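Me: Could you walk me through reading side-chain contacts and salt bridges in a model? I'd like the general idea, then the case at hand.

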Amino acid sequence: MEFKTFYCIRTILNEAGQASLEAALLLPSLLLMLMCLLQPSILLYNEVVMRQAAGEATRLVAHPGSSGQGTFADERLKEFVQRRLRPIPCTSIFHVGGAEDWDIQIENDGDSVKVAIGHSVQPLPLFSALTKALNGFDGTHLHQEVEIENMFRPDWLRGDYDAWMRMWES
């Protein structure tokens with residue numbers, strides 16, 4: 001019995017170092033993979049929030065009952081968009097600067113409204129080498145922009161309300 005106990009203890013001691021060696025090899029590669037997934041997920045999150053804010057702003061201006069087509073004040077609309085952008089934290093990997101550093105452009109030509117939202121992101125150190133190939137990278141920051149356009153009336157819808165009522169009365 002004594003020999004078997006000694007053999008089992010010796011086997012366990014010989015294999016105990018193997019797990020720490022595997023962990024030492026596997027842990028850095030898992031952390032590297034996690035870091036590679038972190039930056040694209042941050043950029044995707046930013047884009048989803050920005051698209052939602054721009055879409056809400058275009059619908060607000062395009063809706064005739066809100067405050068009239070095209071009469072919604074640009075400053076109030078920009079404040080509305082900035083409130084919708086609050087879920088994006090003001091940390092450099094999400095958004096460089098504060099609430100006033102958002103680039104919000106509103107174009108209203110009477111038939112449609114276009115809202116463009118832009119901002120800068122500080123890429124993570126590992127990802128900054130890969131961002132040099134992207135168009136919006138200026139050497140230190142990555143510029144991210146979203147543009148949404150919404151028409152007041154679709155192209156296929158012609159005439160005004162009175163014309164539609166006359167057509168259906170006959």
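Me: Which side chain does the side chain of His119 join in a polar contact?

Reply: Keep in mind that this is a predicted model. For a polar contact, you look for a pair of N or O atoms within 3.5 Å. Here the side chains of His119 and His95 are joined by one, at 3.1 Å.

Me: Where is His119 found, and is it buried or exposed?

Reply: His119 sits in strand β2. To be called buried, a residue needs a relative accessible area under 20%. His119 has 1%, so it is buried.

Me: What else is His119 in contact with, leaving aside its neighbours within four places in sequence?

Reply: Besides His95, the list has Asn46, Met50, Phe94, Trp102, Leu142, His143 and Gln144.

Me: OK, on to charges. How many salt bridges does a search of the whole structure find?

Reply: Four turn up. For each, you check for a side-chain nitrogen of Lys or Arg within 4 Å of a carboxyl oxygen of Asp or Glu. One of them pairs Glu56 with Arg84, with 2.6 Å between the closest N and O atoms.

Me: Which parts does that pair tie together?

Reply: Look at where the two ends lie. Glu56 belongs to helix α1 (residues 2-62) and Arg84 to helix α3 (residues 74-84), so the salt bridge ties together parts 28 residues apart in sequence.

Me: And how accessible are Glu56 and Arg84?

Reply: Partly exposed is the class between the 20% and 50% cut-offs. Glu56 falls there with a relative accessible area of 22%, and Arg84 is partly exposed too, at 35%.

Me: Which residues are linked in a network of salt bridges?

Reply: For a network, follow a residue that turns up in more than one pair. Glu107, Lys114 and Glu147 are linked this way. Lys114 meets Glu107 at 4.0 Å, N to O, and it also forms a salt bridge with Glu147, where the closest N and O atoms are 3.9 Å apart.

Me: How far apart in sequence are the parts that Lys114 and Glu147 tie together?

Reply: They are 33 residues apart, because Lys114 lies in strand β2 (residues 112-121) while Glu147 lies in strand β3 (residues 142-151).

Me: What are the relative accessibilities of Lys114, Glu107 and Glu147?

Reply: Read them off against those cut-offs again. Lys114 is partly exposed at 22%, Glu107 is partly exposed at 48%, and Glu147 counts as partly exposed at 46%.

How values were computed. Residues numbered from 1 in each chain as written. Predicted model: local features only at pLDDT ≥ 70, side-chain atom pairs only at ≥ 80, totals over all residues. Heavy atoms only, no water. Helix = DSSP H or I, 4+ residues; strand = E, 2+ residues; numbered from the N terminus. Buried < 20%, exposed > 50% of the residue type's maximum accessible area, 1.4 Å probe, protein only. Polar contact = N/O pair within 3.5 Å; in protein donor to acceptor, adjacent residues only side chain to side chain. Contact = heavy atoms within 4.5 Å.
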